[in-house]
Each structure stands twice: as structure tokens, then as C-alpha cells.
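Please look at the sequence and the structure shown below. The dialogue that follows works through them in questions and answers.

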Amino acid sequence: MTSADTVPSDSRGIRPSAAAHATAIARRGLIITAIGLVGLAAMIVMVQLYTPTEARQGLAQKIFYLHAPTAWSTLLAFSLCGIAGGLYLWLRDPRLDVFAESSAEVGLVFAAMMLSTGPLWGKPIWGTFWQWEPRLTLTLLEVFLFIGYRALRGAIVDPSERARYSAIVGLLGLALVPFVHLSVYLFRTIHPQPIVLKPSAPSLPWDMLRTLFVSLAVFTVLYLGFVTARYGLGLLRGTRKADHAD
Amino acid sequence: MQTSVPANGGYMVAAYVIVSLIVLLYAWSLARRIHRELQDQ
């Protein structure tokens, strides 16, 4: 089954071409990305002008509004990659494999942001860019696992074999996500514990919490835009390969 | 006693510049790849 076989009919019962369907998805993704970029600019203005500076940490604390949302988007992307991979193994729908590949790529982009903002926040607060402690080490392992996922995809030519093997690696990445999130509770670590995603009420003043929610929304929109556009691109590539195979 | 706020704005500026650059470059890369793919169709 190719992605061309799985294009649904529209409300009039007309079956649009697979390429047109994929183009529409890619364009929708780029529009959502543009909305996310406007949101990012607005969020930066909000952080700089309307969010108070934390007294003990100074301006470096404002890295928090980048670091926490990029970590959220990274783990969201890797989790959805694993879920899509698991669903692929069950349903064998190639669109799920295309989505998993897209989410893994986008997850690595957010991981690059998370891994650059973390050390820039750590240096002035902890006195060091990096610590080999559980949260940071597990996060790095998670990122390495998805770099391996990308390498594996590039190494296997047969599409169904590639989808099967990479789905298993994606599921392993999904299994690691709870350990990354809970590592601050499970092990002795210098990394702060969650201040929002925890059983009790968030431990931030409202001015800061509001900015955090805005930045979480912005990076979620950016994830949706990126992954939709990348998924459309994957479908477009699939239709071209299917056309060449005919 | 009033304590002074630490002067570490450079780290914040670096973080915001790096994240903005990564987001913009990836968005541009996606748009370029989609455009090229559409031309090859």
C-alpha cells in the first residue's frame, strides 16, 4: 500500500490526487509554522517587557521560558514518534511511518534548542555548562537514540523493513520518556523538579506562570506547524516515488 | 539588606538568539524542501 492508496475522498465523493492532498498538508503546515513564528516574536517581547526578572537568578532565569517549552516539544515529538511507530506495527499504514519519521526529525530540532538553552542557563546558576547527572544524561541518551533512529532509516532501503525496524527504535524512545521526566524524583540530581507538571499546584508567581503558558503554547504550535509541513513533504516524496515506480 | 540582581544577561541574549536562529533556519529549510519537491513533481 502506498500513500497514494490511502488518500480519502472529499465530501463530494471526489478522490483528489495524492500529490494535491500532500501539497495541501505541506502548505497547511507552513501556515501553522508562520503563526508559530509570529507567536514566538510576541512571546519574546512579552518575556523581555512584561515578565518580571527573578531576584536571585537575574536575567538568566528568563532562559526558562525557552528551555522548558523546548523540552516539552522534544518529549512530545519523540513520544508521538513512538506512538505512531507502535500503531504502524499494528495497522501497517505507511502514513504512520511517514508521521513517525517527521516527528523524529522535528524532535531533534527541538532537542538542539533544549540542549543549547540548558547549558546557557546552567553556567550562571550552577557554575558549569554540563553535569553528568541523571536528568541530563538520560535526556542526552534519548537524543542519541533518535539520532540512531535517523541513521537507521538512512541505512535500510526496503520501505517496509525500514518502517518496521525504525518503529521498534521509536517505541524504545517512547519507553525512555517517563524515565526522563521522572528522573528528578527517582535519583539524586541538581536539576530542578517540575514546577508545573507535578501533582501539587504550580510553584510560580502568576506573572511568570502566564508567560510560561504562552511560551508552551507557542512551542506547541511550532511543533504542530513543523510536523505537519514535514509530514506533507514526506507524503509528497512518497507520491513521487510511487509515480516513478509505475 | 537589599541584594543586587546578578549581571548575566549575556547568557539570556545568547539563548534567545540561538533558539530564534534554529527555528527560522528549520522553517526556511522546510519551505525550501517543499518548494523543491513541488517543482520535481
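## A dialogue on two chains

Student: What is the mean pLDDT of chain B?

Tutor: This is a predicted model, in which local features need pLDDT of at least 70 and side-chain atom pairs count only at pLDDT 80 or more, while totals for chains, interfaces and linings use all residues. Residues are numbered from 1 along each chain as its sequence is written, and chains are lettered from A and ligands numbered from 1 in the order in which they are written. The term pLDDT is the predictor's confidence in each residue, from 0 to 100. In chain B, 93% of the residues reach 70 or more, and the mean pLDDT is 91.

Student: Which ipTM does the predictor give the complex?

Tutor: The predictor reports two values for the complex. The pTM is 0.90, and the ipTM is 0.92.

Student: Which pattern does chain A follow along the sequence?

Tutor: Helices (H or I, at least four residues) and strands (E, at least two) are DSSP runs, numbered from the N terminus. Chain A has 6 helices and 0 strands. Read along the sequence, its pattern is therefore α-α-α-α-α-α.

Student: What percentage of the residues in chain A is buried?

Tutor: A residue is buried if 20 or more other C-beta atoms lie within 10 Å of its own, exposed if 12 or fewer, and partly exposed in between, with C-beta atoms placed from the backbone. The C-alpha atoms of chain A fill a box of roughly 65 × 35 × 30 Å along the principal axes. Of the 246 residues in chain A, the buried ones make up 40%.

Student: How many residues does the largest nonpolar core have?

Tutor: A nonpolar core is a set of buried Ala, Val, Leu, Ile, Met, Phe, Trp, Tyr and Cys residues joined through C-beta atoms within 7 Å. Among the residues with the most contacts inside the largest one are A:I63, A:F226 and B:A15. Helices 1 to 6 of chain A and helix 1 (9–40) of chain B each supply at least two residues of this core. Its size is 65 residues.

Student: Which residues of chain B are in contact with A:F226?

Tutor: Two residues are in contact if their C-beta atoms, placed from the backbone, lie within 7 Å. Neighbours of A:F226 within four places in sequence are left aside. In chain A, the contacts of A:F226 are A:T33, A:V106 and A:V109; in chain B, they are B:Y26 and B:L30.

Student: How many nonpolar residues are on the side of chain B that touches chain A?

Tutor: The contact between the chains involves 24 residues of chain B and 36 residues of chain A. Ala, Val, Leu, Ile, Met, Phe, Trp, Tyr, Cys and Pro count as nonpolar, Asp, Glu, Lys and Arg as charged, and the others, Gly among them, as polar. On the side of chain B that touches chain A, 3 residues are polar, 3 are charged, and the nonpolar ones number 18.

Student: Why does the span of helix 1 of chain B agree with the expected one?

Tutor: Chain B has 1 helix and 0 strands, and the buried residues of this helix include B:Y11, B:Y26 and B:L30. The expected span of a helix is 1.5 Å times one less than its number of residues. For the 32 residues of helix 1 of chain B the expected span is 46 Å, and the helix agrees because its end C-alpha atoms are apart by 47 Å.

Student: Where does helix 5 of chain A bend?

Tutor: Helix 5 of chain A has 28 residues and reaches 39 Å from its first C-alpha to its last, close to the expected 40 Å. Its buried residues include A:G170, A:G173 and A:V180, and what covers the buried residues includes helix 2, helix 3 and helix 4 of chain A. The bend at a residue is the angle between axes fitted to the seven residues ending there and the seven starting there. Helix 5 of chain A bends by about 35° at A:V180.

Student: Why does A:R92 count as partly exposed?

Tutor: A:R92 is found in the loop between helix 2 and helix 3 of chain A. Although A:R92 is not a glycine, its phi is positive, at about 60°. Most residues other than glycine have a negative phi. A:R92 counts as partly exposed because its C-beta neighbours inside 10 Å number 13.
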